[in-house]
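Reader: I would like a close look at a single part of this model, taken slowly and with its surroundings. Could you describe one helix and the sheet beneath, and explain how the two are arranged?

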Amino acid sequence: MKTSFNKKHLGLAVACALVLGFASGAARAQTPEQSRAGLADRALVTSTSGSVWRNGFGECWTSSGPAPLPGAECNPRPVAQYVAPAPTVAPYVAPVVVAAVVPLPIYDKVILDANVLFDFDKSVLRPAGRDTLDSFVNSIQGMNSRTITAIGHADRIGTDGYNQTLSESRVATVKDYLVSKGIESTWVQSSGQGEMAPTTAAGTCTGAGSASTIACLQPDRHVFIEMSGSRLRQ
């Protein structure tokens, strides 16, 4: 009788275990919606010390079997992880380049000339003639022209051929002096006109080689130089 009782109790225990296992599996097989629907009827099973009782799977045990409850220690709320915001990158703005306004150069037209006098029957420069040429060389600095016109003259005393040669000798003297001051030889266009283009008026300075006539004809014994072009306005 005792043996039969023990077997009967053993069978009941096995049956209860199978039922509880099946219920536990069924509870685990429920969908999240089904689980949430029955949460209101469940309560955690605790021990006399107040701790939640758990089964062999580590699941909290409720009045209806193992299942988590909202807000309970068996179902802690997930802690949201901090996600740093993406850095804000300012859009690239190309620098504005303002072109400098360069004023156009302004040139002035310039005509420069000088008159170098010579002694009677001479082609040697006077000290005053050198000063005149030095001043001329300084005044043409910055000119864009590269042509200087130099014309030699003689008075009417003497033969035409002699006076022609004398005028050419005088203009050659002037050209050589300009070159010695840094003027390119190719810039100077020189020629002699002898007595053909006198400065004095006809009928003046009468007489045949007198001192007074020679002095009167002084303006005819000269070399005229000229340079025309343009120069940047200062």
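Author: Two strands are taken to pair if DSSP finds at least two bridges between them. In this predicted model, strand 4 (residues 148-152) and strand 5 pair in the parallel sense over five bridges, and within that pairing G152 stands opposite G192 in strand 5. Both strands belong to an open sheet of four strands with the order 3-6-4-5 and mixed pairing. Its edges are strand 3 (107-117) and strand 5 (188-192), each of which pairs on one side only. On average, and with direction ignored, neighbouring strands of this sheet are turned by 15° against each other.

The helix to examine is helix 4 (residues 160-180), which packs on the sheet and touches strand 4, strand 5 and strand 6, its direction making about 160° with that of strand 5. Its length can be checked against expectation: at 1.5 Å a residue, the 21 residues of helix 4 should span 30 Å, and the end C-alpha atoms are 31 Å apart, which agrees.

As for how helix 4 is turned towards its surroundings, the residues N163, L166, S167, R170, V171, V174, Y177 and L178 are buried. Seen down the axis of helix 4, these buried residues fall within an arc of 130°, so they line one face of the helix. The general background is that an α-helix has 3.6 residues a turn, so residues three or four places apart point the same way. On the other side of helix 4, D176 and S180 are exposed. The cover over the buried residues of helix 4 includes helix 3, strand 4, strand 5 and strand 6.

Helix 3 (residues 127-139), which is thus part of that cover, itself lies across strand 3, strand 4 and strand 6 (222-232), and runs at about 170° to strand 3. Strand 4 and strand 6 are therefore among the strands touched by helix 4, and they are also among those that helix 3 lies across.

Beyond its end, helix 4 is followed by G182, whose phi is positive, near 105°.

Further along the chain there is a disulfide to note, formed by C205 and C216 with their sulfur atoms 1.7 Å apart. This pair links distant parts of the chain, eleven residues apart, with C205 in the loop between strand 5 and helix 5 (211-216) and C216 in helix 5. With -70° about the S-S bond, the link is left-handed. C205 is buried, with a relative accessible area of 10%, whereas C216 is partly exposed, at 34%.

Note on methods
Residues numbered from 1 in each chain as written. Predicted model: local features only at pLDDT ≥ 70, side-chain atom pairs only at ≥ 80, totals over all residues. Heavy atoms only, no water. Helix = DSSP H or I, 4+ residues; strand = E, 2+ residues; numbered from the N terminus. Axes fitted to C-alpha atoms, helices over the stretch in contact; angles between N-to-C directions. Contact = heavy atoms within 4.5 Å. Disulfide = S-S within 2.5 Å. Buried < 20%, exposed > 50% of the residue type's maximum accessible area, 1.4 Å probe, protein only. Expected span 1.5 Å × (residues − 1). Arc of directions from axis to C-beta.
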